[in-house]
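I'm opening a fresh page of the notebook for this one. I'll jot down what I look up, entry by entry.

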Amino acid sequence: MAVRVENKVFYLETKNSLYQMKADEHGVLRHLWYGPKTEQDMDYLLDYPDVGFAGNIYEADTCRTYSLNTLPLEYGTAGVGDYRVPAVAIVHENGSNALDLRCKAYRITEGKYSIPGLPAVYAEEQEADTLEIVLKDTATEIYVILQYGILEEYDIITRSVIIENRGEQAVTLQRVHSLCLDFPYGDWEWIHFHGRHAMERQFERLEVFHGIQESGSVRGMSSHQQNPAILLCEKGCTETSGFCIGAALMYSGGFQAQIEKDQLNQTRVVMGIHPDTFSWKLEGKDCFYAPEVILSCSNEGMGALSRQFHRIIREHVCRGKYKLEERPVLINNREAAYFDFDDKKLLNIAKEAARLGVDMMVMDDGWFGKRDDDCSGLGDWYVNEKKLKGGLVKLVEQVNDLGMKFGIWFEPEMISEDSDLYRAHPDWAIQIPGRKPMRGRSRLLLDMTRKEVRDYLYQAISAVLDSANVEYVKWDMNRSISDWYSAELTPDRQGEMPHRYVLGLYELLERLTRDYPNVLFEGGSGGGGRFDAGMLYYCPQIWCSDNTDAYERTRIQYGTSFFYPVSAVGSHVSAVPNHQTGRVTPFGTRAVTAMAGSFGYELDLNTLSEEEKKEVTAQIKRFKKYGPLIHNGAYYRLSNPMEDKFAVWEFVSPDQSQVLVHGMIFWTEANMLRYPVRLQGLAAGKRYRLEDTEQEYTGAALMEAGILLPRSRGDYAPVELVFTEVSN
Ligand code: GLA
């Protein structure tokens, strides 16, 4: 068992980490430690200062050194003298909001808990243990159950929370965070991933200052602007050394992560559903389940931490047939045709793609209802036969006859006002009576909290999937949510809608992915606006960004790589000048950048020269050869493209016999100096040969001294180096 309890101290141990807390003499659950293993009760670290204006719990009597405001707590609450950011805030039936939690019981079980209606890390019984600690409010029948999943071999601890109202009267939940983590000491920095549409997950590292700093989203989705995953690292922590902690919320709605450094230089991190777009009326005898946070730490830098997240997400979050299987190399018609296509044009693209070795044709936006631009048709998920003469079946058959699979685009959560669906069910769109709703990209949203809406979508989507041999679905979502209101909810429950929307989305995704196990689902939201561990539970890959510029992709994919595995990253080679930036990058560079992901093309291959077409075939062959290494291997960031003049990353096979170094040198210079780069993760004692040369190196040399990147001519030159173990 990875959990033991000694003298009321809980030890949660993974291969390299210890998580520790203690139920003290007052039953308060204190946080003691999260970090490397110490084989020690860490209570000795706590100081008990008499701090002015830090009040004391009643039972402490005249003792002025016991204060909820100064002690590290496992789950901070509002209203009883802990003035740091609370993890939970409740309004009781009498209008008061105090919650004073004391430990009542605990349970340790084999296996990993799951969460009704929400995605969660899953594991076999022997791979995980669950600890549940039951806390109770001193004055009411509110119980808080803290859940911990320990995946020892993965160095992962998950956390979630259940709020149980065992009383008779309803209470209102104002905030239920899934994570609360206190550090009594430490000089911390935090890393978050901000951005905008077509520029997601930009890495930013900041010093933790006194007061509250936060990242979050109130857009009803995890968002382009912030990602629901943060790192906390000790000053000086690098890719390869130092202590850091990562927390990723498995949730696709609005979120909040707050970090507070307090008056005693203690640091608290909380993370969960964003309280500004959340409230929940919890009836008597009812429960509320908070989403899960995946937590991991590393004493060997951020690279190791990322690889822990890659492994858990790939093996214990993603599901279904394609979870570990190689994904088809696809061609998507979006940048080739936008809305201007018919069956002939698609077939023309498919024919050339098939000839050059592409596995699957994906028909993007524009195939359904009346849809020639962004303003109409969403919701009418039946084929536009003016565009696809002969219907979907014929087109799919023709594509299949070319030896290719067929995939299709949906944006299920949306509705156009100019659509048959809207004309039939205007009340299904999210809008507040008496107000004009905000339009986003000319569309409104469907009320996903309503069962009849989800049933309609299930039927509409499954009718398409049943009608033809469709083997891939791109599940898009192209606007932020506003005008929260549901006709189904009473006024005192309208605050529940943002969370109920996410629950509705998950329910529909669960039904469809369960009933169509052979279909590959790719998520997306204007590119990477909903790139989170929650969506990855349903879709093993997500379109990473609408920005297909290889240069900017290196930065977007760099930020993405801190938590999410390469196999989750949807990335394609597109045309130049690039449609988003006008930048021209070499073909080979676009290919290596797209290979750090699911790999595919997003252009009309007919427009390429014969020379480039040959390159396409070679690129696909190369991806087929190295795809297993890229997706199953360990991923190393060898540079920081936000600062360095190049972006270089590396894949190492599990047995350390194969190494692939990919990347690009951003700019050329006269009298160019070559950049040295140290490889990582090799076996020091092994010898490696560089592909197409006779040159051999020891693993130690490659890691300690490194290699010189090739001298490049021209901007954005690709880097592609393959090292293979030389057998004796
Ligand atoms: C989003 C997606 C794109 C494309 C368009 C279609 O922006 O990210 O890839 O599918 O929608 O409208």
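**Entry 1: the ligand.** How far from an oxygen atom of the ligand does a polar side-chain atom of K474 lie? I looked it up and got 2.7 Å. Note to self: this is a predicted model, so every distance here comes from a prediction.

I then checked two aspartates. D546 has a polar side-chain atom 2.5 Å from a ligand oxygen. For D476, an N or O atom of the side chain sits 3.0 Å from an oxygen atom of the ligand.

How much of the ligand does the protein bury? On its own the ligand exposes 310 Å², and the protein buries 98% of that.

**Entry 2: who else is around it.** I listed the residues around the ligand. K474, D476 and D546 are on the list, together with R334, D364, D365, W409 and R441. The rest of the list is N478, G526, G527 and W543. I sorted this shell by class and found 7 charged residues, 3 polar ones and 2 nonpolar ones.

**Entry 3: the sheet with parallel pairing.** Next I went through the strands. What order do the strands of the 9-stranded open sheet take? I read β29-β28-β27-β26-β23-β22-β21-β31-β30, and the pairing is parallel. The edges are β29 (569-570) and β30 (573-574), each of them paired on one side only.

I followed one edge inward. β28 covers residues 541-543 and runs parallel to β29, with 2 bridges joining them. W543, which I had already written down as one of the residues around the ligand, stands opposite G570 in β29.

What lies across β26 and β27? I found helix α7, residues 497-515. The two strands are 472-475 for β26 and 520-523 for β27. The helix runs at about 175° to β26. K474, from my first entry, falls in the β26 range.

**Entry 4: the sheet with antiparallel pairing.** I also looked up an open sheet of 4 strands. Its order is β1-β2-β3-β4, and here the pairing is antiparallel. I noted β1 (3-6) and β4 (29-36) as the edge strands, each pairing on one side only. From one strand to the next, the twist averages 15°.

How many bridges join β3 to β4? I got 7, with β3 spanning residues 17-23 and the two strands running antiparallel. One pair I wrote down is Y19 with its bridge partner Y34 in β4.

Terms used:
Residues are numbered from 1 along each chain as its sequence is written. This is a predicted model: local features need pLDDT of at least 70, side-chain atom pairs count only at pLDDT 80 or more; totals for chains, interfaces and linings use all residues. Side-chain values use heavy atoms; hydrogens and water are left out. A residue is near a molecule or strand if one of its heavy atoms lies within 4 Å of it. A polar contact is a pair of N or O atoms within 3.5 Å; within protein, one must be able to donate a hydrogen and the other to accept it, and residues adjacent in sequence count only if both atoms are side-chain atoms. Accessible areas come from the Shrake-Rupley method with a 1.4 Å probe; for residues, only the protein chains shown count as cover. Ala, Val, Leu, Ile, Met, Phe, Trp, Tyr, Cys and Pro count as nonpolar, Asp, Glu, Lys and Arg as charged, and the others, Gly among them, as polar. Two strands pair if DSSP finds at least two bridges between them. Contact means heavy atoms within 4.5 Å. Axes are lines fitted to C-alpha atoms, for helices over the stretch in contact, and angles run from 0 to 180 degrees between N-to-C directions.
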